[in-house]
Number of protein chains: 2
Amino acid sequence: MSRAKEFDEAEVLDHAVELFRARGFQSTSFTDLTGELGVSRQSLYDTYGDKQTLFHAALKRYRERSLDYLGRHFASTGPIRPLLLQFFEGAINGSCSKGNPGCLMANSMVEMAPHDPAIRALALAHARDVEGLIAARLSVAQRERDLGRDKDPAALARFLYHTVLGLSVAARALGERDTLLGSARLALLALD
Amino acid sequence: MSRAKEFDEAEVLDHAVELFRARGFQSTSFTDLTGELGVSRQSLYDTYGDKQTLFHAALKRYRERSLDYLGRHFASTGPIRPLLLQFFEGAINGSCSKGNPGCLMANSMVEMAPHDPAIRALALAHARDVEGLIAARLSVAQRERDLGRDKDPAALARFLYHTVLGLSVAARALGERDTLLGSARLALLALD
DNA sequence: ACTATTCCGGAACGTTCGTTCTTTTAAAGG
DNA sequence: CCTTTAAAAGAACGAACGTTCCGGAATAGT
């Protein structure tokens, strides 16, 4: 029928995620994208649509990968506290590596959510999903007597998500990995 | 000598703070500023310099006002826990009011810090100062047997500041005041 | 009254941006 | 072979941006 694409659509989208994560939406020009992705302007437009559509796709992909990772992470058994600490560590390491990009979702919540309803909806759905995953795992811990019956898993899950948002912002601007780990440990005291 | 300025420099700067807080630096055009501040382009340039300089001044003013408020807030005596809760409440109410603007410092940490060293330095200094204020007040509480001697005031202060960053981001994008208050309460469990 | 300084409106400049168009070249399937 | 589709490169567009310049009106102090 036709000529095959010379680039891997998903691969390029992942690369775009990294660019948007490091510089944000507005500070990443279309010229930056074509240059660093190694794809010509026209091909980018043909494949992903305009810049905003590309960003939405990138954020959606980031969100899917995050949920996928978290789903697998929280599927594992064992004590809940080290599991949550690893969750924080992963977020901190990801936010501190390669020029402190932070979390694309958190960054978008600040930069885009107020004037982009689609992003706001995505952020809200993501919060619900992540909090749901954590809450479900906390309920399991409760059933296994690893977490007090008096705790509210949903409220705790929201708190933990809010905490990871703060850590990713701090990581992006201040980038002090060690103190962030300390905060992560202190946050877990809410479980006791 | 000359004609007097028709606007109050500090007042206009405060107004600029609100604009930058709601829309960020890049999404607030100079035309937006002149329109909403009620000051002509030329006067803005004459008084504050270019847009970036104006933003730096606005952020500095926001920081000064924050520190001033926090200094007075944490100077008060009494039990530490309600004092910290009020601190969180203030941040949440400020971040949730008038279109969920969030915290200008947190927003700038996401939008500007990575590519503006001056902003990064300001964010770092602000973190040090706020954490210092909280840590000092926690030490007082320790002396008054209101906080365990085994706790590390500096680490706790960092954690509380990271928490407020997360709350302001969540407030900006999700704006759910009640759940944020719940998270604030849970964060305070780190003191027990 | 004079002068200096500011305010205001608007025009203008140069740049950058996102986006579209055009053309040429290249590969894959009928 | 031929058609279809994609790639690549570059020109071009209109819009928005930050910024500067100009000219006229207003107001303060000498």
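**Exercise 1. Which pattern does chain A follow, read along the sequence?**

Before starting, two conventions. This is a predicted model, in which local features need pLDDT of at least 70 and side-chain atom pairs count only at pLDDT 80 or more, while totals for chains, interfaces and linings use all residues. Residues are numbered from 1 along each chain as its sequence is written, and chains are lettered from A and ligands numbered from 1 in the order in which they are written.

Solution.
- Step 1: pick out the elements, using DSSP runs numbered from the N terminus (helices are H or I with at least four residues, strands are E with at least two).
- Step 2: tally them for chain A, which gives nine helices and zero strands.
- Step 3: read them off in order, and the pattern is α-α-α-α-α-α-α-α-α.
- Step 4: add the dimensions; the C-alpha trace of chain A spans about 60 × 40 × 30 Å along its principal axes.

**Exercise 2. Work out how helix 8 and helix 9 of chain A pack, then do the pair of helix 4 and helix 7.**

Solution.
- Step 1: choose the descriptors. Two packed helices are described by the angle between their axes and the distance between the axes. Here axes are lines fitted to C-alpha atoms, for helices over the stretch in contact, and angles run from 0 to 180 degrees between N-to-C directions.
- Step 2: take helix 8 (residues 153-173) and helix 9 (residues 177-187) of chain A, whose axes are 11 Å apart at an angle of about 170°. That makes helix 8 of chain A roughly antiparallel to helix 9 of chain A (under 35 degrees is roughly parallel, over 145 roughly antiparallel, 65 to 115 roughly perpendicular, the rest oblique).
- Step 3: find who touches whom (in contact means C-beta atoms, placed from the backbone, within 7 Å). Helix 8 of chain A brings A:Leu160, A:Thr163, A:Leu167, A:Ala170 and A:Ala171, and helix 9 of chain A brings A:Leu180, A:Ser183, A:Ala184 and A:Ala187.
- Step 4: sort that contact by class, and you get seven nonpolar, two polar and no charged residues (nonpolar: Ala, Val, Leu, Ile, Met, Phe, Trp, Tyr, Cys and Pro; charged: Asp, Glu, Lys and Arg; polar: the others, Gly among them).
- Step 5: now helix 4 (residues 51-73) and helix 7 of chain A, which pack at about 5° with their axes 11 Å apart. Helix 4 and helix 7 of chain A are therefore roughly parallel to each other.
- Step 6: sort the contact between helix 4 and helix 7 of chain A too; the residues divide into eight nonpolar, three polar and three charged.

**Exercise 3. How is chain A related to chain B, and what does chain A put into the contact?**

Solution.
- Step 1: superpose the copies, by least squares on the C-alpha atoms of residues with pLDDT of at least 70 in both. A rotation of 180° with 0.0 Å of shift along its axis puts chain A on chain B, at an RMSD of 0.0 Å.
- Step 2: name the relation, which is that of a two-fold axis.
- Step 3: locate the axis; in chain A, A:Gly166 has the C-alpha nearest to it, at 1.7 Å.
- Step 4: compare the surfaces. The same surface serves both copies, as 100% of the contact residues of chain A recur in chain B.
- Step 5: size up the contact, where 38 residues of chain A meet 38 residues of chain B. Helix 6 (104-111), helix 7 (117-143), helix 8 and helix 9 of chain A each supply at least two residues, and helix 8 gives the most, with 13 residues.
- Step 6: classify the side of chain A that touches chain B: 21 nonpolar, 13 polar and four charged residues.

**Exercise 4. Is B:Ala123 buried or exposed, and how about A:Lys98?**

Solution.
- Step 1: set the cut-offs (buried means 20 or more other C-beta atoms within 10 Å, exposed 12 or fewer, partly exposed in between, with C-beta atoms placed from the backbone).
- Step 2: place B:Ala123 in helix 7 (residues 117-143) of chain B. With 24 other C-beta atoms within 10 Å, B:Ala123 is buried.
- Step 3: list its partners, not counting residues up to four places away in sequence; B:Ala123 touches A:Ala173, A:Leu174, B:Met105, B:Ser108, B:Met109 and B:Ala113.
- Step 4: turn to A:Lys98, in the loop between helix 5 (80-96) and helix 6 of chain A. A:Lys98 has 10 C-beta neighbours inside 10 Å and counts as exposed.
- Step 5: check its backbone; A:Lys98 isn't a glycine, yet has a positive phi of about 55°.

Conventions. Contact = placed C-beta atoms within 7 Å.
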